[in-house]
Amino acid sequence: MVTLRSRKSRKTTRQDTANKAMNQAQSEPTKDTEKVTEPETGLPEPTPIAADESEFKGDGESLDELAPENVGGGIDDDMDDAEPLKDDKEKDLTGDGGVLKRVIKRSQTSWEHPESGDEVCVHYVGRLKSDGTQFDSSRERGEPFEFTLDSGSVIKGWDIAVKSMAKGEVAVFEIAPSYAYGEAGAPPKIPPNATLEFEIELLSWHSVRDLFGDRGCVRKVIREGSGWEHVRDGDEAVTFYRLVRRNGEPVQDSAEHELIFAVRRDTEMRPSYQGMPVPRCVERAIRDMKKGEVVELTCAPQYAQEFTTLGLGASDSAVIELRLAKWHRTTSLADGQVTVKVLEEGEGWERPNEIDSRCRIVIDGSGGGIEEEVTLGDGSMACTGLEMALAKMKKGAEAVVTIHSKQYADPATPESELPKSYHVKLCGFTNGKQSYEMSPQEKIEAARRHKEIGNKLYKEQRYDRAEPHYDFIVNAFSYDADLPADLKAEAAELMRAARLNLAAVYEKRRRPDKVIEHCNKVLERESAQTKALYRRACAYIARADYDEAASDLRRILELEPRNEPAQRKFQELKRILREQDRRDKAFFASMFRDAKRHPSSSSSSAAAPAATMSSAS
């Protein structure tokens, strides 16, 4: 049992250990979950905590008999496993001093907190603040206390206190009368206007959510999942469900049904499986479930009947057990023109580099599923989309790669066969040297090679694959202080060419901001570089920054009066400006005509005060 000190002694201890307490201050992250409907009115007045011990005997189970599945992952009642805090910062949970919290033992396993509507299980010891008299203890009774947060079943201060805790945490709360039993108290144990101290341990909780705010479908966590990740938009969820109760009656040996669907949070269109819409409560419930998590869905008839495989009638209510077995993470590349659905994550964290990585792969339907070796970035892979996908996979990973556009498909693939999917396994890979691992001479030789490959890919209009080759050169020579003097000139030339080529790549990909960024870098060193000026002018025109474009084009013609591309672009710019002037004149002329035909109400109202003043005078 933790001994409670007086406020004066606590304050002295905190002053002696201020630095340590500050280092121990904990943050309290919140969960992004569905909003829970407030409890309905008409609930009974909050029950005094152990004012009558008979009120808290529960269903007769002892602490040792409470199985993990009955208490949301099991009860950790071992206070000796973790080192208790000697003291911690006192936190004002309400902002008015009504509920003060001091942590005694932090959670060793979780950072999540229960929320309104959750069913929680706690141990507690209650004392009067005035003299330390103990008036109640679940520990002495040998059984924990369970209640639903914000249901009106406990004092207000308890709801606030427990919602601030993590599983396994132990804390002392000082609760003012306005958050406890007020002026009346709870005789005979709690006098009027009593400030109370509770030492509370949060053993576990069941997360309970009203999914649609109408009490038509309530989700309750039965078994917590693993890890911290949740299913994301676009992922393919693999779920199983079975009927547990029909109209309140248990259903024995109910078969489990599979349900696989793509998660879509940003659309009103419901996902489907085998031609049937996915039940709304399933799609909503899995959004904040973890892998392996099991929940119960208590469904009113309007939601229960969406489970068409269960044979429920139009008026049947149901309790359905839902399990999120796993999900296949799905990512989009090239603005959605290539999608990668990961079937097996693979091992480790390392991935192939976009260039100079030798990969051992198996592609079903290509070579009869025989392992083959490819080198990323050298242009040897005909399907650009597959090459991009391999750079996102780990060793041993398996994925379904879907190519949606001709640009990223194998040139031999007819457009009529798109989208086309490949089942790919990355058996292993070996990455080539990075620029920071190379000697100066090796950097120069590698940069020459990457420039050649990049130019080849650019001419083939494979702009996405040309880009990493030019990026390699930029990264290799961003800091040239370690280069010998005889290599600096060639490095500078390679760097200039790479940045100009990157500007050309981004111009093709309609990204004017990136074009301007790379041209600016070239012009910082060579202010009269006409290629950089020209490409930047084109990017300015794409952004409708016409004054900046005109300035760059004039500069080019000052340097090279016979530069034909610049002359043509300047004439194009003049046409754009003339057309803009014509539209502006037409717009304003139309606006003035409308103003003459229909005098505005504001003009009439503006004249009224003058007339009034004239009359008054």
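Select V172 first: this residue of β6 (170-175) stands opposite E199 in β7 (196-206). Strands here are DSSP E runs of at least two residues, helices are H or I runs of at least four residues, and both are numbered from the N terminus. The model on display is predicted: local features need pLDDT of at least 70, side-chain atom pairs count only at pLDDT 80 or more, and totals for chains, interfaces and linings use all residues. Residues are numbered from 1 along each chain as its sequence is written, and side-chain values use heavy atoms, with hydrogens and water left out.

**Strand β6 and its partners**

Extend the selection to the whole of β6. The strand pairs with β7 in the antiparallel sense over six bridges, where pairing requires that DSSP find at least two bridges between two strands. Six bridges also join β6 to β2, again antiparallel, and one bridge there links V99 with I175.

Which residues point each way from β6? V170, V172 and E174 point one way, while A171, F173 and I175 point the other, and all are buried. Buried means under 20% relative accessible area, exposed means over 50%, and partly exposed lies in between (1.4 Å probe, protein chains only). In a regular strand the side chains alternate between the two faces of the sheet.

**Helix α4**

Next, select residues 156-163, helix α4, whose buried residues are G157, W158, D159, A161 and V162. The cover over these residues includes β2, β3, β5, β6 and β7.

**The six-stranded sheet**

Move to the open sheet with the order β17-β18-β21-β22-β19-β20, paired antiparallel. β17 (330-333) and β20 (372-376) stand at the edges with a single partner strand each, so one side of each has no neighbour in the sheet. The twist averages 35° from one strand to the next; axes are lines fitted to C-alpha atoms, for helices over the stretch in contact, and angles run from 0 to 180 degrees between N-to-C directions. Within this sheet, six bridges join β21 (residues 398-403) to β22 (residues 420-431), and E398 stands opposite K425.

**G377**

Select G377, in the loop between β20 and α7 (384-390). Is G377 buried or exposed? It is buried, with a relative accessible area of 3%. Its contacts (heavy atoms within 4.5 Å) include E354, I355, E387, I453, L457 and H469, not counting residues up to four places away in sequence. The C-alpha atoms of G377 and P468 are separated by 8.0 Å, although the two residues lie 91 apart along the chain.

**The helical cores**

Now select F472, I473, F477, L553 and L573, which touch the most other members of the 45-residue largest nonpolar core. Such a core is a set of buried Ala, Val, Leu, Ile, Met, Phe, Trp, Tyr and Cys residues joined through side-chain atoms within 4.5 Å. Elements giving two or more residues to this core include α8 (440-459), α12 (530-542) and α14 (564-597), and the largest share, ten residues, comes from α10. L573 touches I541, Y546, A549, A550 and L553, not counting residues up to four places away in sequence. Apart from this core lies another of 30 residues, among them L243, V263, V282 and F307.

**Residues 530-563**

Finally, select residues 530-563, where an unreviewed UniProt entry places the feature "repeat: TPR". UniProt positions follow the numbering used here, feature names are shortened, and annotations may be inferred rather than shown by experiment. This stretch is 79% helix and 0% strand, with its end C-alpha atoms 9 Å apart.
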